[in-house]
Each structure stands twice: as structure tokens, then as C-alpha cells.
Amino acid sequence: MAEGNYIEEGIRLRALEDVSITTLIAARWYGPDFPLGSTLPAVTVQEINGRAEESHEGHSGIENAIYQITCWASCHLDAMKLADRVQRRFDKWRGVLPNQIRVGYFSRINRHYAKEPGQNVYQIVLDFRVMYCVEI
């Protein structure tokens, strides 16, 4: 993998190519931390579990991970609209991300709902299993 070429960036770039997503969030696609006071709706992404596939020669270049994409909005309906668009963009997708990382599969494995206590901040959390190849 080229220095500074990360799958999280490729995921962000692929999402922001979709007009239906950028219409909702503009470029508010963040890493694992949702910046305090940020405008909603927005998205955060983080790896929650992962491992490298090994071969007899060591690392095979294949990564197998679970990524969590959280869709944030000020009402539940807006969170659902955003989550549905993100899910359609990635679920069952395979191909090459805009930053040239090859993805063998991108498959949703979980979807759950949350709300920030005492605030009008709703979340829909999408977990995806992602198998991808990095240059070693």
C-alpha cells in the first residue's frame, strides 16, 4: 500500500462520488470521532475489528476487517435516509476504490439504531465486513 493510502480514505472518496449522499452531507464524512458542534447530517467511519490474512511467506496482502459507518442526523427519518443511501452504495459491492485499493467484497452484516441521550442526535450504525488487498 502506498504511504498514506488508507481504505478509510477510499471509502470516503467512493461515498462522496454519490450525489445522493453529498446532497445530504456535503463533505461531512469524518474518521472515528464526530467533531463537537458539527453540522448534521454527517457520517463517521472506523475499523472495529480486523486481521491480516497470512500465507506461508507471511502477510498475504489481504485484509479482512469490519468497518462501522455511522450516519448522524437531527431526526430519525434523516438518519434513515442517509443510512439507506450509504448502504446501497456499499452493500454487496466489489471493485477498486478511487484511491486504487482493490476490494474483494463489502457486505453489510449489521444495522442498529441509537440516540444521544437528551439531544436530538440520531444515529444509524452500519457494520460492514470488508475484504481488501493492500500492496506489501
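Biologist: How far apart should the ends of helix α3 be, given its 15 residues?

Modeller: The general idea is to multiply a rise per residue along the helix, and in this predicted model the case works out as follows: at 1.5 Å a residue, helix α3, which covers residues 76–90, should span 21 Å, and its end C-alpha atoms are 21 Å apart, which agrees.

Biologist: Which residues of α3 are buried?

Modeller: A residue is called buried when its relative accessible area is under 20%, and in α3 this holds for A79, L82, A83, V86, Q87, R89 and F90. Seen down the axis of α3, these buried residues fall within an arc of 155 degrees, so they line one face of the helix. Just after α3, K92 takes a positive phi of about 65 degrees.

Biologist: Which residues are buried in helix α1?

Modeller: In helix α1, which covers residues 7–16, the buried residues are I7, G10, I11, R14 and A15. Looking down the axis of α1, one finds them within an arc of 135 degrees, so they too line one face of their helix.

Biologist: Turning to a strand, is Q68 buried or exposed?

Modeller: Because the cut-off for buried is under 20% relative accessible area, Q68, with a value of 16%, counts as buried. Q68 is found in strand β3, which covers residues 58–73.

Biologist: What does the side chain of Q68 make a polar contact with?

Modeller: The partner is the side chain of D127, at 3.1 Å. Leaving aside residues up to four places away in sequence, Q68 touches T44, V45, Q46, I48, H112, V125, L126 and D127.

Methods. Residues are numbered from 1 along each chain as its sequence is written. This is a predicted model: local features need pLDDT of at least 70, side-chain atom pairs count only at pLDDT 80 or more; totals for chains, interfaces and linings use all residues. Side-chain values use heavy atoms; hydrogens and water are left out. Helices (H or I, at least four residues) and strands (E, at least two) are DSSP runs, numbered from the N terminus. Buried means under 20% relative accessible area, exposed over 50%, partly exposed in between (1.4 Å probe, protein chains only). A polar contact is a pair of N or O atoms within 3.5 Å; within protein, one must be able to donate a hydrogen and the other to accept it, and residues adjacent in sequence count only if both atoms are side-chain atoms. Contact means heavy atoms within 4.5 Å. The arc is that of the directions from the helix axis to the C-beta atoms. The expected span of a helix is 1.5 Å times one less than its number of residues.
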